[in-house]
Amino acid sequence: MDREIAPEYVQQTRNRRWLAVAAVVLGLAALFYFFKKSLSSTLESSRVRTGTVETGDVENTLTASGEIIPAYEQIFASPIRASIKRILLTPGTRVQPGQAIVELDKSLTEIEFGRYEDQLELKKNGVDQLRMKLNKDLYDAEINDRIKSLNINKLKADFEDAKRLQKVGGGTVEDITRAENALKIAELEKKQLENDLKYNRESMGASLRETELGVQIEGKNLQELQHKLKMADIIADRPGVLTWVNENIGSSVNEGEMLAKVADLGSFRVEGSCSDVYADQVKAGLGAIIRINESHLRGTITQVKPAVKDGVIGFTIQLDNARNESLRPNMKVEVYVITTKSARTLRVANGPTFTGKRKQYVYVVEKGMARRREIETGLSNFDYVEIKSGLKPGEKVILTNMNEYEHLEELTIQ
């Protein structure tokens with residue numbers, strides 16, 4: 001026959017079970033605690049970089065690229081069709097005003113110049129001949145006019161004689177009419193001659209002006225060719241450095257073809273470019289920062305090129321210090337165009353910890369501990385990030401990427 005279990009024994013069994021469950025829970029809690037502690041809750045100070053919150057200016061920039069270009073570069077082009085006779089200087093040579101760079105074979109142009117001179121003399125001689133012919137024609141017309149005047153005077157006298165004879169019965173009415181008609185015809189012929197004389201005078205002036213204008217055109221052509229011959233002496237007119245020269249001796253060059261480049265390597269500008277996504281932001285007058293290795297130079301955008309090529313817009317930057325020693329021609333540089341600026345605001349050095357979001361978490365160092373804190377950021381550039389809220393001046397922020405510790409609220413800095 002079964003006996004009833006004693007209540008004391010049942011209570012002891014129940015208590016042992018509860019103790020076992022409590023021990024398991026405590027064990028799991030301890031395991032979780034030590035697991036959490038094992039997840040790198042301690043960070044060595046040598047592995048982190050910190051920045052101190054301070055007050056200053058923050059400039060918002062957009063990233064572009066640029067190339068250092070000499071502020072002044074003179075291009076020498078051939079003014080005539082010629083061939084390269086001699087190269088007098090090599091690239092990299094410093095040149096002074098009056099120093100020859102390239103010698104061209106100008107013989108064909110000099111022959112053409114001689115032909116132009118002959119043509120000009122021929123036209124001048126044609127002008128002289130035309131003037132003599134026109135003077136002769138004018139003289140003949142004036143003589144004929146005088147002769148016609150004398151003839152009219154004679155006919156007037158004949159007309160008067162016919163009227164007197166008719167009065168005394170020595171002539172007839174027909175004689176008077178004949179004399180009167182002859183006089184009228186002579187007077188009309190004189191008017192016609194005077195009109196021709198006036199026209200000849202005006203025509204002579206117009207013909208002379210036309211011929212003399214042709215002479216002037218030939219003279220200007222000759223002057224232009226003479227100027228081209230003078231410019232064919234490729235000579236530097238200011239100091240600089242020869243950066244490029246056409247060294248193909250004996251080769252033919254056409255008019256306008258480039259022969260040499262001389263640059264002033266003491267002064268530079270920047271030719272910048274960026275994506276056309278920023279076309280509405282890049283404007284003339286904006287400031288720019290040029291980063292050369294670890295040094296920064298400032299400048300101003302003076303020109304934005306109107307055309308977009310392959311999705312890129314170009315612009316020119318005038319440097320504040322265009323004679324900086326670190327500048328080299330054709331050097332590629334980083335360009336940051338300043339679009340907006342916040343003055344006298346809280347800022348901290350930029351680093352990998354900043355993700356670009358307005359609100360994010362950072363770790364603030366306090367008494368050997370790094371505590372996670374939410375902050376709000378504003379403008380940013382490659383140097384600084386503006387702090388809108390969440391930090392105070394003098395506080396230290398870890399700038400190193402802390403993504404692997406984002407599950408921890410605080411860290412011990414050793």
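Helices here are DSSP runs of H or I with at least four residues, numbered from the N terminus. By that definition T109 lies in helix α2. The model is predicted. This briefing covers a helix pair, a sheet of 4 strands with antiparallel pairing, and two buried residues, T109 and E271.

**Helices α2 and α3**

- Helix α2 spans residues 107-167 and helix α3 spans residues 173-231.
- Two packed helices are described by the angle between their axes and the distance between the axes.
- For α2 and α3, the angle is about 170° and the axes are 8 Å apart.
- Angles over 145 degrees count as roughly antiparallel, so α2 and α3 are roughly antiparallel to each other.
- The residues of the contact of α2 with α3 comprise 26 nonpolar, 14 polar and 21 charged.

**T109 in helix α2**

- T109 has a relative accessibility of 5% and therefore counts as buried, the cut-off being under 20%.
- Apart from neighbours within four places in sequence, T109 is in contact with I80, R81, L225 and L229.
- Of these contacts, L225 and L229 fall within the residue range of helix α3, 173-231.

**The sheet β4-β11-β9-β6**

- Strands of a sheet pair through backbone hydrogen bonds, either parallel or antiparallel.
- This sheet is open, and its 4 strands follow the order β4-β11-β9-β6 with antiparallel pairing.
- β4 (73-77) and β6 are the edge strands, each pairing on one side only.
- Between β4 and β11 there are 5 bridges, and the two strands run antiparallel.
- β11 (residues 258-263) is joined to β9 by 4 bridges, again in an antiparallel arrangement.
- β9 (residues 240-245) is joined in turn to β6 (residues 94-95) by 2 bridges, with the strands running antiparallel.

**Residues that line up across the sheet**

- A263 in β11 is the bridge partner of E73.
- A263 is also the bridge partner of V241.
- V241, in β9, stands opposite R94.
- Partners can thus be followed across the sheet from E73 to A263, from A263 to V241, and from V241 to R94.

**E271 in strand β12**

- E271 is found in strand β12, which covers residues 268-275.
- E271 counts as buried because its relative accessibility is 19%, and the cut-off is under 20%.
- The side chain of E271 makes a polar contact of 3.2 Å with the side chain of T316.
- Residues up to four places away in sequence aside, E271 touches S65, G66, E67, I69, K305, F315 and T316.

Terms used: Residues are numbered from 1 along each chain as its sequence is written. This is a predicted model: local features need pLDDT of at least 70, side-chain atom pairs count only at pLDDT 80 or more; totals for chains, interfaces and linings use all residues. Side-chain values use heavy atoms; hydrogens and water are left out. Buried means under 20% relative accessible area, exposed over 50%, partly exposed in between (1.4 Å probe, protein chains only). A polar contact is a pair of N or O atoms within 3.5 Å; within protein, one must be able to donate a hydrogen and the other to accept it, and residues adjacent in sequence count only if both atoms are side-chain atoms. Contact means heavy atoms within 4.5 Å. Axes are lines fitted to C-alpha atoms, for helices over the stretch in contact, and angles run from 0 to 180 degrees between N-to-C directions. Angles under 35 degrees count as roughly parallel, over 145 as roughly antiparallel, 65 to 115 as roughly perpendicular and the rest as oblique. Ala, Val, Leu, Ile, Met, Phe, Trp, Tyr, Cys and Pro count as nonpolar, Asp, Glu, Lys and Arg as charged, and the others, Gly among them, as polar. Two strands pair if DSSP finds at least two bridges between them.
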